[in-house]
Amino acid sequence: MKRYEESLAALRERLAEPPEYGLVLGSGLGPIAEEIENPVCIPYGEIPHMAVSTAPDHVGRFVAGRLAGRQVVCMQGRLHGYEGHPPEAIVYPIRLMKLLGVKAVLLTNAAGGINTAFETGDLMLIEDHINFTGKSPLTGANQDAFGPRFHDMSFAYAPDLRAKAEAAAKACGIVLRKGVYIGVNGPQFETPAEIRAFRILGADAVGMSTVFETIAAAHCGLPVLAISMITNMAAGVQSKPLSGAEVNETAERKGGELRALIREVLRTL
Ligand code: HPA
């Protein structure tokens, strides 16, 4: 816990007010951090014991301040397994958010659409996940200060927050799909055979983040709301190759809708 205390002290020193909600901004979804009033920006490298994100287009800093009338702390740029970070390092900032006193975390990500009823640019409320990485951030000695050795994942994607997100989407006139997110390590996109297998397993969307963060949040008793942007249809769904450029282009084009939804959710929490 000493590491956490040192990181926490460095964060608290910089934050004007304690945050109420934690946000994690996925690929191309970082610009909501620019809408924060009186922002305090803290690069991950300035927090002792924090890993630094190397993913393209992920800025790699905390941005804290006011958004939609709430005090928030955002991760502008998250950490991924494919960068070589161990799962425990990936969830370190989630646990810091818990120690800062946030009431819930809002996770966003870019994902490939497996459900053929989805279209590129759709938003999907994550109802549940399949952790297909073969790893867990809770491997090793249990951190009893955060939660129990064996913790329940039945309600990790908090039903009350999901209901609020659905109501917020309705209020904004935004179509919000629902489904199961399957988390993989990456960085390569999937093969068409993997996507067919994931569809049989019950997945609606696939991505390279979020599952570790949700596991750690659930472990320490933090409710999670998670929304995917379907930035592309997954491999083999359409007869064209996938590219990181398409992911970024869709995230940029449709990011405004997700940002509007997040603001409305925050207003109604
Ligand atoms: N697969 C995995 N991760 C992703 C995808 C995808 O198709 N799109 C955005 N992130």
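Author: In what follows, Ala, Val, Leu, Ile, Met, Phe, Trp, Tyr, Cys and Pro count as nonpolar, Asp, Glu, Lys and Arg count as charged, and the others, Gly among them, count as polar. The model discussed here is a predicted one.

Reader: By class, which residues make up the lining of the largest cavity?
Author: A search of the whole structure finds one cavity of 30 Å³ or more, and about 90 Å³ of space lies in the largest cavity. Its lining comprises 13 residues, with Gly81, Ile90, Met208, Ser209 and Phe212 nearest the centre. By class, that lining divides into six nonpolar, six polar and one charged residues.

Reader: Which helix gives the most to the lining of the largest cavity?
Author: Among the lining residues nearest the centre of the largest cavity is Phe212. The greatest contribution to this lining, three residues, comes from the helix spanning residues 211–219, namely α5.

Reader: Which strand gives the most to the shell around the ligand?
Author: The residues surrounding the ligand include Ala110, Ala111, Gly112, Val206, Gly207, Thr231 and Asn232. At least two residues of the shell are supplied by each of β5 (104–113), β8 (205–207) and β9 (224–233). With three residues, the strand that gives the most is β5.

Reader: How many charged residues does the shell around the ligand have?
Author: The ligand has Phe189, Glu190, Met208, Leu242 and Val247 among its surrounding residues, and Glu belongs to the charged class. Alongside seven nonpolar and four polar residues, the number of charged residues in the shell is one.

Reader: How much of the accessible area that the ligand has on its own does the protein cover?
Author: Backbone contacts come from Ala110, with a polar atom 3.3 Å from a nitrogen atom of the ligand, and from Gly112, whose backbone N or O atom lies 3.4 Å from a ligand nitrogen. Glu190 instead uses a polar side-chain atom, which lies 2.8 Å from a nitrogen atom of the ligand. Of the 260 Å² of accessible area that the ligand has on its own, the share covered by the protein is 95%.

Reader: How many residues apart in sequence are the parts that the pair of Tyr44 and Phe62 ties together?
Author: The structure holds four aromatic pairs, one of which joins Tyr44 and Phe62 in an edge-to-face arrangement, at 5.1 Å centre to centre and with 75° between the planes. Because Tyr44 sits in the loop between β2 (37–43) and β3 (61–67), while Phe62 belongs to strand β3, the pair ties together parts whose separation in sequence is 18 residues.

Terms used: Residues numbered from 1 in each chain as written. Predicted model: local features only at pLDDT ≥ 70, side-chain atom pairs only at ≥ 80, totals over all residues. Heavy atoms only, no water. Near = heavy atom within 4 Å. Polar contact = N/O pair within 3.5 Å; in protein donor to acceptor, adjacent residues only side chain to side chain. Areas by Shrake-Rupley, 256 points an atom, 1.4 Å probe, with all protein chains shown as cover. Helix = DSSP H or I, 4+ residues; strand = E, 2+ residues; numbered from the N terminus. 1 Å grid on protein atoms, 1.4 Å probe; cavity = no way out; pocket = protein on both sides within 12 Å on 5 of 7 lines; lining within 4 Å. Points joined across faces, edges and corners; volume = space filled by probe spheres on them. Phe/Tyr/Trp six-rings, centres within 6.5 Å; stacked < 30°, edge-to-face > 60°.
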